[in-house]
Amino acid sequence: MKEHIYTIPITDALNEECGCVLCSIEKKLESEAITYFLGASLMEPDAREDTNKNGFCRPHTKMLYEGGNSLGLSLILETHIKEFSKNFTLNEKTGLFKKPDTKETAKKIDDAVKSCSVCNKLNSQMEAVARNLIYLISKEKDFKEKFFEKGALCAEHASLVLSLCEKELGGKKGTDLYNEISAMQRAYLEELYNNLHAFVVSFDYRSNGEKPSEKVKASLGEAVKYISKY
Ligand SMILES: [Zn+2]
Ligand SMILES: [Zn+2]
């Protein structure tokens, strides 16, 4: 049997938390990644090369800043900023070469701003987690039941899992799971829509101050979580 290192965390997350099962795993992996980049990675030349080149996105820069290691983060950003500065080239003709395309240069800077070593690490880990999730759904009846009972994945993780169903299971099995998960998402979103609609209506004077139910009140927070993860 193939090694499935994330099998246990997935089963645990399915048992303990509400909401998207992959979000609760990603949250833990994200916190481990922050600890790694502020600690062990500092002594690893490959990791330093990676952070020099990719840097960090906005939310992860903020998390690293709040991670309590000023010297560690300064060391990473010191060399990253030196590397990043190379993206700014002057728009002038040099020797035989034609003038650089400013749009291309601006795009290069934009790509460099958006790239992130933490996101890259998490993306590859989450793909492995999603593949294991599909494996568990296809092999273990109890797990599958629990997964579908629990309800939907968030938007981003639903898209990740759907993109892997056919690749992991192949043929009819892959298509069937793809359809089952899509149907689950649709049912969840229909309910979310109805609750959000009821919440909007509750603000109308014609609702005569009638208090919305807890579920209806929670729908805005749920919609935000569905879109923005965690
Ligand atoms: Zn999620
Ligand atoms: Zn990031």
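1. In this predicted model, a salt bridge joins the side chains of lysine 144 and glutamate 180, with an N to O distance of 3.2 Å. The count of salt bridges between domain 1 and domain 2 is 2, where domain 1 comprises 1-88 + 101-150 and domain 2 comprises 153-230.

2. On the interface as a whole, 19 residues of domain 1 are in contact with 16 residues of domain 2, while the C-alpha centres of the two domains lie 24 Å apart. About 1,700 Å² is buried between domain 1 and domain 2, and carbon and sulfur atoms give 73% of that area. On the domain 1 side, the residues that lose the most area to domain 2 are Cys23, Ile134 and Phe148, which together account for 31% of what that side buries.

3. Cys23 also belongs to the metal site, since the zinc ion (ligand 1) is coordinated by Cys20 (SG), Cys23 (SG), Cys154 (SG) and His157 (ND1), at 2.0 to 2.3 Å. The angles among the 4 donor atoms run from 98 to 119°, and the site is tetrahedral; for four tetrahedral donors the ideal angle is 109.5 degrees.

4. In sequence, the donor residues of the zinc ion (ligand 1) follow the spacing C-x2-C-x130-C-x2-H. Cysteine 20 sits in the loop between helix H1 (7-16) and helix H2 (21-37), and cysteine 154 in the loop between helix H8 (141-150) and helix H9 (155-169), so this pair ties together parts that are 134 residues apart in sequence. Cysteine 20 is buried, at a relative accessible area of 10%, and cysteine 154 is likewise buried, at 4%.

Technical notes: Residues are numbered from 1 along each chain as its sequence is written. Chains are lettered from A and ligands numbered from 1 in the order in which they are written. This is a predicted model: local features need pLDDT of at least 70, side-chain atom pairs count only at pLDDT 80 or more; totals for chains, interfaces and linings use all residues. Side-chain values use heavy atoms; hydrogens and water are left out. Donors are N, O and S atoms within 2.8 Å of the metal (3.2 Å for Na, K and Ca); water is not among the atoms, so sites may look incomplete. Four donors count as tetrahedral if all angles lie between 85 and 135 degrees; four count as square planar and six as octahedral if opposite donors are over 155 degrees apart and all others between 65 and 115; anything else is irregular. Helices (H or I, at least four residues) and strands (E, at least two) are DSSP runs, numbered from the N terminus. Buried means under 20% relative accessible area, exposed over 50%, partly exposed in between (1.4 Å probe, protein chains only). Domain bounds come from an automatic or database domain assignment. Contact means heavy atoms within 4.5 Å. Buried area is the accessible area (1.4 Å probe) that two parts lose on being put together, summed over both. A salt bridge is a side-chain nitrogen of Lys or Arg within 4 Å of a carboxyl oxygen of Asp or Glu.
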